[in-house]
Amino acid sequence: MINEHIKPGRLKFLMAAILISMFMSSLDQTIVSTALPTILKDLGGFNLLSWIYAAYILTSTIAILVVGRLSDIYGRKLFYLWGIGIFVFGSILSGLSQNITELIIFRALQGFGGGALTSLAFASVGDLFSPRERGKWQGIISSSFGIAAVVGPLIGGYLTDSLSWHWIFYINVPIGILAFILILREYPVIKHDKGETVDYIGISLFSIFTVALISALIFGGSLFAWNSIQEFSLIGTFIVFLVIFIVYQTKAKYPLLPLHLFKNKSFIYINVIAFLTSFGFLGGIVYLPIYFQYVRGASPTMSGLYITSLVLGLISTAIGGGLLLTKYGKYKYLIIVSIIITSVGFFLLSTLTPTTNILLMMVHMFITGIGLGVLLPILTIVAQNFFPVQEVGVVTGTLQFFRNIASAVGLAAMGTILNNSLISRLSYNKPKNLPLAFSRQYDAVQHSFSSTNTSFSTTINGASHVPKYLEKYVHEITHAVYLSLTQSISYLLLFAAVVVAIALIFAILVKEIPLRTDNRNG
């Protein structure tokens with residue numbers, strides 16, 4: 001237990017350190033979301049949009065479970081310091097990126113650190129507080145994500161407009177240094193003498209099938225065709241090594257992922273809910289800034305301001321829901337209601353058009369955030385409540401693993417759906433009777449969505465230098481492009497609403513077990 005090694009009065013400093021580290025990794029995600037359209041204009045590669053996120057997810061997914069398990073054995077402090085260092089180093093290199101490929105590689109490096117920080121933050125709260133008390137603190141931890149989501153878009157927009165998008169990564173350096181110093185000073189060194197050894201074979205097998213799975217999702221439909229030999233090879237590798245991993249974990253003395261966790265059906269249901277809601281969540285966060293900036297012509301700063309309505313809703317219920325959980329110790333109805341609200345919010349967002357009132361959209365985003373705010377902390381608390389405190393790290397890591405896999409699946413699926421939908425809608429919405437030169441120009445715009453080096457915004461702007469009597473064709477082209485983009489994003493949001501709604505089935509099946517008021521092993 002960590003709290004047995006903390007000097008009286010020092011708990012608040014340790015919690016501050018945990019909050020700052022969580023804030024740093026969360027800030028990176030929200031800043032990137034707002035600055036992404038500008039990055040794509042600079043570096044190109046619209047069809048590689050999902051890679052920028054998925055590369056981070058790939059490595060953080062591996063780090064989340066591995067670090068969670070290793071910190072159960074050896075303590076959390078060393079891994080915390082390692083995570084901060086890797087994250088900051090990856091941030092510096094991301095800011096120095098000169099092309100889309102470099103950015104993707106360095107984002108993957110960031111992911112190693114970010115995954116460790118996420119897993120350790122929630123696991124540390126599990127160490128410090130009883131399941132009943134965790135409601136308040138997990139809500140506060142999750143609200144740090146919300147705060148980062150509020151200030152992140154604004155900071156990202158301001159830095160992108162005033163300096164350059166490179167500075168959205170450099171800002172992690174001073175925050176990381178502060179977090180490193182606080183963790184170094186306040187986090188106790190706890191020597192674990194459990195006699196357990198590291199499951200290196202399990203880590204290797206887990207890493208191979210995870211890389212194969214997420215790579216198949218990232219490359220499918222972009223670098224490789226879904227029915228290509230490369231895709232079949234990646235999927236085959238995933239299946240083979242997953243089976244080997246499961247078989248090995250049943251025989252390992254100290255497994256990386258104790259399979260007895262999945263004998264608890266409610267734990268399985270919680271992971272499925274986490275998977276489905278994380279899958280749907282990406283639909284709003286990633287693609288709404290693209291709508292605001294490309295279709296509505298908003299600056300990165302204004303786009304970030306619009307998105308804050310979603311995270312304001314998220315903050316209010318992340319803390320409020322946590323307090324309700326602490327007070328009453330009941331969680332099932334909170335999960336059910338929050339899923340319904342989230343699904344309704346995504347459905348309302350899916351009604352957007354190129355001229356939808358921005359204030360109305362902000363209301364719809366706020367509603368979506370209210371539902372998501374409860375789900376972020378509560379699922380972790382419920383999962384931890386099913387098992388003894390010694391397994392908090394691996395339980396938390398497992399839940400985050402499924403969330404990250406969902407993010408990778410969601411990004412890959414939605415990226416593919418968006419590109420395919422755009423191509424289809426652009427063909428359908430193509431203006432009639434365009435002169436040959438403008439028809440070619442329109443086709444170039446359509447092609448830019450599948451090109452790694454062309455910006456469709458640049459293509460449109462290039463068409464604007466024409467005589468006045470031809471301006472109507474430019475207007476028709478731009479209208480058709482923005483209409484097609486809006487329709488495609490609308491379709492994604494509706495898809496997200498359906499995916500989240502499916503989680504309701506599993507929420508009903510979750511067993512209600514009152515949250516413990518102590519942190520004993522039972």
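Modeller: Before we begin, a helix in this predicted model is a DSSP run of at least four residues, and helices are numbered from the N terminus.

Biologist: Which helix gives the most to the nonpolar patch?

Modeller: The nonpolar surface patch covers about 530 Å² and is made by Phe347, Leu494, Val498, Ile502, Ile505 and Leu509. Five residues of the patch come from a helix that spans residues 471-509. The helix that gives the most is therefore, by the numbering from the N terminus, the one called H17.

Biologist: Is Leu509 buried, partly exposed or exposed?

Modeller: Leu509 lies in helix H17 and is one of the residues that make the nonpolar patch. Its relative accessible area is 44%, and the class in between runs from the buried limit of 20% to the exposed limit of 50%. Because 44% falls in that range, Leu509 is partly exposed.

Biologist: What distance separates the C-alpha atoms of Glu476 and Leu434?

Modeller: Glu476 also has its place in helix H17, and with 29% relative accessibility this residue counts as partly exposed. Along the chain, Glu476 and Leu434 are 42 residues apart. In space, however, the separation of their C-alpha atoms is 9.2 Å.

Biologist: Is Leu375 buried or exposed?

Modeller: Leu375 is placed in helix H13, which covers residues 358-385, and its C-alpha atom is 9.6 Å from that of Ser278, although the two are 97 residues apart in sequence. The relative accessibility of Leu375 is 3%, and the buried class takes in values under 20%. Leu375 therefore counts as buried.

Biologist: How far apart in space are Leu324 and Leu334, C-alpha to C-alpha?

Modeller: Leu324 is found in helix H11, residues 300-328, and counts as partly exposed at 41% relative accessibility. In sequence, Leu324 and Leu334 are ten residues apart. Between their C-alpha atoms, the distance in space is 9.0 Å.

Biologist: Which element gives the largest share of the lining of the second largest pocket?

Modeller: The second largest pocket has a volume of about 230 Å³, and of the 14 residues that line it, the closest to its centre are Phe209, Leu242, Leu257, Phe401 and Phe402. Two or more lining residues come from each of helix H8 (200-219), helix H9 (229-251) and helix H14 (392-428). The largest share is four residues, and the element that gives them is H9.

Biologist: How many residues in the lining of the second largest pocket are nonpolar?

Modeller: The residues closest to the centre of this pocket include Phe209 and Leu242, and both Phe and Leu count as nonpolar. The lining as a whole has no polar and no charged residues. The number of nonpolar residues in the lining is 14.

How values were computed:
Residues are numbered from 1 along each chain as its sequence is written. This is a predicted model: local features need pLDDT of at least 70, side-chain atom pairs count only at pLDDT 80 or more; totals for chains, interfaces and linings use all residues. Side-chain values use heavy atoms; hydrogens and water are left out. On a 1 Å grid over the protein atoms alone, a cavity is a set of points where a 1.4 Å probe fits but cannot get out, and a pocket is an open set with protein on both sides within 12 Å along at least five of seven lines; lining residues have an atom within 4 Å of a point. Grid points are joined across faces, edges and corners, and a volume is the space filled by probe spheres set on the points. Patches are made of residues with over 30% relative accessible area and no salt bridge: like charges are joined within 9 Å, nonpolar side chains (Val, Leu, Ile, Met, Phe, Trp, Tyr) within 5 Å. Accessible areas come from the Shrake-Rupley method with a 1.4 Å probe; for residues, only the protein chains shown count as cover. A salt bridge is a side-chain nitrogen of Lys or Arg within 4 Å of a carboxyl oxygen of Asp or Glu. Buried means under 20% relative accessible area, exposed over 50%, partly exposed in between (1.4 Å probe, protein chains only).
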